[in-house]
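Here's a quick tour of a protein model, with a stop at where two chains meet and another at a single helix. Have a look at the structure first, then read on.

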Amino acid sequence: MRSPAELAARRRIRRGMEWALRAALLIALVLSIREALTTMRELPSLGARGGDGSVRAALRDWSTVSSPREAHLQFDSTPSPTTRDWAAALPGAGTSLYWNSTLVPVGLSVEPIADPKGASRLSIASPTTRIALADSLGLMDSVSVRRVGASVGPLFVRGAIRASAGATRAIASRTDSLVVRPVLVLGRAGWEPKFVAAALEEYGWKVDARFAVSPGNDVVQGSPSIAVDTSRYSAVIVTDTSASRYAAAIEQYVRKGGGLIVTGEGASIGSLQRLLPGVAGDALPAGELVSLHPRIGLALRPIVRLNPDAVPLEMRGPRIATAARRVSNGRVLEIGYLDTWRWRMSGAGDPVEDHRAWWSSAVSSVAYAPRISVESANESEAPLAGLVAALGPPSTGDDRGSGEGKAKLVLALFIIAVSALVLETASRRLDGKP
Amino acid sequence: MSEFVFATAIYQSGDWESAQKLPSNLIDSVARYTSIQVRPTGVNVSLANGEIFNYPFVWFTGHLPVRFTDRERANLKLYVERGGFVMMDDHNHDIDGVYHKTAMEELVRTFGPLKTVPKSHSIYNCFFNFNDGPPATSHELNGWGDNLVHKELQAVMTAGDRIGLLYSSKDYSSEWDFEPESKKFMSVDPTRFGVNLIVYALTR
């Protein structure tokens with residue numbers, strides 16, 4: 001049997017619990033009413049999908065008429081930079097943004113080549129295997145992209161370049177221009193230096209030349225005086241030992257950034273050996289000039305004892321035909337082919353054009369050509385990466401909206417209120433009160 | 001480095017071999033005045049086969065009518081377009097003669113009208129200086145043939161003012177086709193302009 005004191009204590013505890021439950025009920029009701037009022041004031045979550053036009057129309061509406069709590073965007077094609085930046089500004093106006101896309105990653109870069117005609121080289125990266133290339137004049141080519149990407153060029157492009165993979169389109173323009181200077185050809189009067197100079201001139205290079213004819217007597221082409229310097233020449237081509245009188249100046253020129261090509265007997269100049277990628281080996285005789293691979297038929301002094309930092313560029317079977325290396329700030333290309341003029345005179349197909357293009361690309365590969373940056377338009381060189389940079393990572397679906405969370409909160413408050421009411425009522429009834 | 005080889009063009013219609021001592025006289029002069037590596041003997045190459053493309057300098061002369069076969073014409077055109085140099089000379093020194101008339105017809109048919117080479121052209125001063133243009137030959141001065149001193153040469157030009165084919169009515173074939181021993185009696189070496197032709201071909 002309980003004592004009167006114990007009974008009084010238990011009654012006090014029960015009354016305290018009942019007041020606590022009434023307080024919990026009241027708090028739960030107030031919070032529920034507040035959540036209900038907040039939800040009534042908030043605007044709905046809106047979404048849009050499609051191309052740039054549809055998304056931009058939605059953005060216009062959300063920015064001027066409706067102001068949704070959440071915006072969901074699905075990009076089915078590459079948005080313009082304006083659309084992308086517009087979407088990125090939405091969170092600042094109080095709209096949470098979630099987005100996704102069907103775009104594939106494509107990256108495009110356009111680099112100028114040291115070339116008198118203003119050629120460019122394109123670098124493309126994408127997991128997609130086939131990319132279509134177009135410039136302002138229309139479709140140019142399509143390229144297969146391997147795991148390590150693809151490089152295309154030299155190309156002569158007009159305006160912005162577009163690389164398309166399905167609905168994804170990367171756009172880029174040349175942002176730099178190169179200062180291309182003349183080429184200096186040094187050699188004895190002979191067919192090889194003559195045809196090298198002619199090929200480069202016909203391609204569009206400005207060519208100065210010194211052809212040694214007799215002791216102290218040169219045939220001069222171009223500038224009456226030569227200074228082997230990067231302010232005068234983009235590249236120097238040495239075809240035989242008559243250029244040995246310029247060896248010291250050539251070495252200084254290369255170390256300052258100049259481009260040097262050495263071919264034929266030029267590789268035998270002792271004072272230039274330390275610049276060369278390798279040593280010229282014993283000559284192999286000329287063969288038949290086959291149209292598909294004309295240089296296979298040229299006589300060759302293969303490059304042997306390659307310097308560790310030199311890179312073989314062309315091979316003929318196991319033999320190195322051309323190789324290059326960097327020397328201080330400059331680049332040196334050693335060509336083992338002899339009498340390339342035979343390719344131009346006797347080759348099949350379009351040997352004149354092929355010979356020109358090959359020699360021009362050789363010069364381009366070593367040419368000293370300072371860059372000048374030009375203003376570029378607002379491009380989308382990597383559209384998917386640009387979207388992620390501007391809008392954050394795409395939505396995965398799990399983070400879509402706080403609506404569900406709010407619904408759970410209201411439900412929880414309701415359960416608390418009902419539980420508190422039931423427990424308070426039960427407590428009073430058990431105490432004999434109404 | 002490949003040496004210079006003096007080549008004489010063989011063509012079907014005429015007497016291509018009419019100046020047989022000319023190659024050795026010009027080879028001797030090139031070796032004497034320059035440091036150009038030159039093969040001691042010349043070669044004869046047919047215009048009709050691909051052999052001509054191995055020799056970017058070719059001498060073409062004769063007395064008789066010149067009529068190219070289709071193959072010769074095609075090869076000649078391609079040869080000049082690819083950068084070869086042809087020196088074509090009228091061994092008759094007669095602009096009213098059969099060689100000149102027929103050769104001109106063939107050249108115009110193949111290349112179009114020829115252009116006059118100005119006296120300021122680099123072929124006249126690339127080694128020896130000929131400020132008055134092409135030097136006169138003894139045949140011209142002696143009234144041989146057409147009894148004219150031709151002041152200018154004509155050419156097929158490629159890529160601006162580069163000469164691909166040079167045509168002469170001055171009869172250098174006779175002027176340079178002398179017995180080598182007689183050179184020592186000449187006060188002025190007449191082959192100097194021939195050296196200019198070869199130096200020009202090797203540098204332009």
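Between chain B and chain A, the count comes to three salt bridges. Keep in mind that this is a predicted model. One of those bridges pairs B:R204 with A:E201, and their closest N and O atoms sit 3.3 Å apart.

**Who touches whom**
- On the chain B side, the elements that chip in two or more residues to the surface touching chain A are α2 (70–81) and α6 (192–203) of chain B.
- The top contributor to that side is α6(B), with four residues.
- Sorted by class, the side of chain B that touches chain A has 14 nonpolar, eight polar and five charged residues.

**The interface in numbers**
- In all, 27 residues of chain B are in contact with 28 residues of chain A.
- The two chains, B and A, bury about 2400 Å² between them, and 54% of that is on carbon and sulfur atoms.
- Polar contacts turn up across this interface too: 12 residue pairs, counting those where both partners have pLDDT 80 or more.

**A helix in chain A**
- Helix α3 of chain A runs over residues 81–89, and A:P81, A:T83, A:R84 and A:A87 are buried in it.
- Looking down the axis of α3(A), you'd see its buried residues fall within an arc of 165°, so they line one face of the helix.
- What covers the buried residues of α3(A)? The cover includes two helices of chain A, α2 (52–64) and α8 (383–391), along with the strands β2 (70–75) and β3 (96–101) of chain A.

Terms used. Residues are numbered from 1 along each chain as its sequence is written. Chains are lettered from A and ligands numbered from 1 in the order in which they are written. This is a predicted model: local features need pLDDT of at least 70, side-chain atom pairs count only at pLDDT 80 or more; totals for chains, interfaces and linings use all residues. Side-chain values use heavy atoms; hydrogens and water are left out. Buried means under 20% relative accessible area, exposed over 50%, partly exposed in between (1.4 Å probe, protein chains only). The arc is that of the directions from the helix axis to the C-beta atoms. Contact means heavy atoms within 4.5 Å. Buried area is the accessible area (1.4 Å probe) that two parts lose on being put together, summed over both. A salt bridge is a side-chain nitrogen of Lys or Arg within 4 Å of a carboxyl oxygen of Asp or Glu. A polar contact is a pair of N or O atoms within 3.5 Å; within protein, one must be able to donate a hydrogen and the other to accept it, and residues adjacent in sequence count only if both atoms are side-chain atoms. Ala, Val, Leu, Ile, Met, Phe, Trp, Tyr, Cys and Pro count as nonpolar, Asp, Glu, Lys and Arg as charged, and the others, Gly among them, as polar.
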